[in-house]
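Biologist: Before we discuss this model, I should like each structural term to be justified against its criterion. Could we proceed term by term?

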Amino acid sequence: MEGNGSVDMFSEVLENQFLQAAKLVENHLDSEIQKLDQIGEDELELLKEKRLAALRKAQQQKQEWLSKGHGEYREISNERDFFQEVKESEKVVCHFYRDTTFRCKILDRHLAILAKKHLETKFLKLNVEKAPFLCERLRIKVIPTLALLRDGKTQDYVVGFTDLGNTDDFTTETLEWRLGCSDVINYSGNLMEPPFQSQKKFGTNFTKLEKKTIRGKKYDSDSDDD
């Protein structure tokens with residue numbers, strides 16, 4: 001009997017807590033409805049105009065990005081094109097690649113998807129063989145490397161696939177997360193939770209380019225097949 005009494009008491013406490021929570025939600029909704037009822041026609045019209053202005057501004061910004069080559073993953077021919085493209089846009093991701101490196105083709109697939117999704121960022125690719133001066137200036141030694149730029153300045157690098165779960169099978173969401181960590185795209189997810197599948201989370205400490213020691217050939221490849 002004592003056991004049944006304890007269960008009944010616990011159930012009653014839970015029910016009271018639920019009713020209190022429901023009452024708080026109801027009161028909040030009543031308050032919001034009252035505020036809307038008190039808004040006059042002039043205020044509603046003002047809110048409408050502000051909303052329309054924001055939509056017009058967003059559309060103008062979209063058209064400006066598209067006119068500068070955003071929205072598609074494009075190859076540029078040389079170093080001069082690189083400097084011109086970077087000068088035009090606030091956020092730029094440039095893939096330094098080589099035709100014979102298999103992992104560059106993996107990156108191409110993911111970058112083409114992200115270019116369409118993130119119009120705020122320009123996505124480019126440049127063959128390292130056509131840009132020796134730029135590669136030396138940016139210390140591009142490992143292929144593939146993504147240079148992440150803001151306002152014409154290099155902010156960060158993604159070198160190989162180490163920051164992407166160290167696997168060829170990383171997802172587009174993983175690359176998106178990594179770019180978001182460098183604030184080179186508008187990322188809406190949780191930066192503290194990398195979307196690696198079946199892998200241990202390790203925060204946001206990345207392998208930096210300057211920590212790598214490269215010897216031998218001019219461009220070291222991160223691919224096993226090269």
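Modeller: Two strands are said to pair if DSSP finds at least two bridges between them. The model is a predicted one, and in it Tyr73 stands opposite Phe123 in β3.

Biologist: What makes β1 and strand β3 a pair?

Modeller: The criterion is at least two bridges. β1 and β3 (residues 122-127) are joined over three bridges, in the parallel sense, so they satisfy the definition of a pair.

Biologist: Why are β1 and β6 said to stand at the edges?

Modeller: The open sheet has five strands in the order β1-β3-β2-β5-β6, with mixed pairing. β1 and β6 (153-159) each have a single partner strand, so one side of each lacks a neighbour in the sheet. From one strand to the next, the twist averages 25°. Helix α4 (residues 102-117) packs on this sheet, where it touches β1, β2, β3 and β5, and its direction makes about 160° with that of β2.

Biologist: Why is the contact between Glu85 and Arg74 called a salt bridge?

Modeller: The limit is 4 Å between a side-chain nitrogen of Lys or Arg and a carboxyl oxygen of Asp or Glu. For the side chains of Glu85 and Arg74 the N to O distance is 3.0 Å, so the pair qualifies by that definition. Glu85 belongs to helix α3 and Arg74 to strand β1, so the salt bridge ties together parts 11 residues apart in sequence. Both residues are buried, and they belong to a network of salt bridges that also includes Glu88 and Lys122.

Biologist: Arg150 and Glu90 also meet in a salt bridge, at 2.7 Å, N to O. How do you know whether Arg150 is buried or exposed?

Modeller: Buried means under 20% relative accessible area. Arg150 has 19% relative accessibility, so Arg150 counts as buried. Glu90, by contrast, has a relative accessible area of 43% and is therefore partly exposed. The two lie in distant parts of the chain, 60 residues apart, with Arg150 in strand β5 and Glu90 in the loop between α3 and β2.

Biologist: Why is Asn78 called partly exposed?

Modeller: Partly exposed covers the range between the 20% and 50% limits. Asn78 has 30% relative accessibility and therefore falls in that class. Asn78 is located in the loop between β1 and α3, and its side chain reaches the backbone nitrogen of Arg80 at 3.2 Å.

How values were computed. Residues numbered from 1 in each chain as written. Predicted model: local features only at pLDDT ≥ 70, side-chain atom pairs only at ≥ 80, totals over all residues. Heavy atoms only, no water. Helix = DSSP H or I, 4+ residues; strand = E, 2+ residues; numbered from the N terminus. Buried < 20%, exposed > 50% of the residue type's maximum accessible area, 1.4 Å probe, protein only. Polar contact = N/O pair within 3.5 Å; in protein donor to acceptor, adjacent residues only side chain to side chain. Axes fitted to C-alpha atoms, helices over the stretch in contact; angles between N-to-C directions. Contact = heavy atoms within 4.5 Å.
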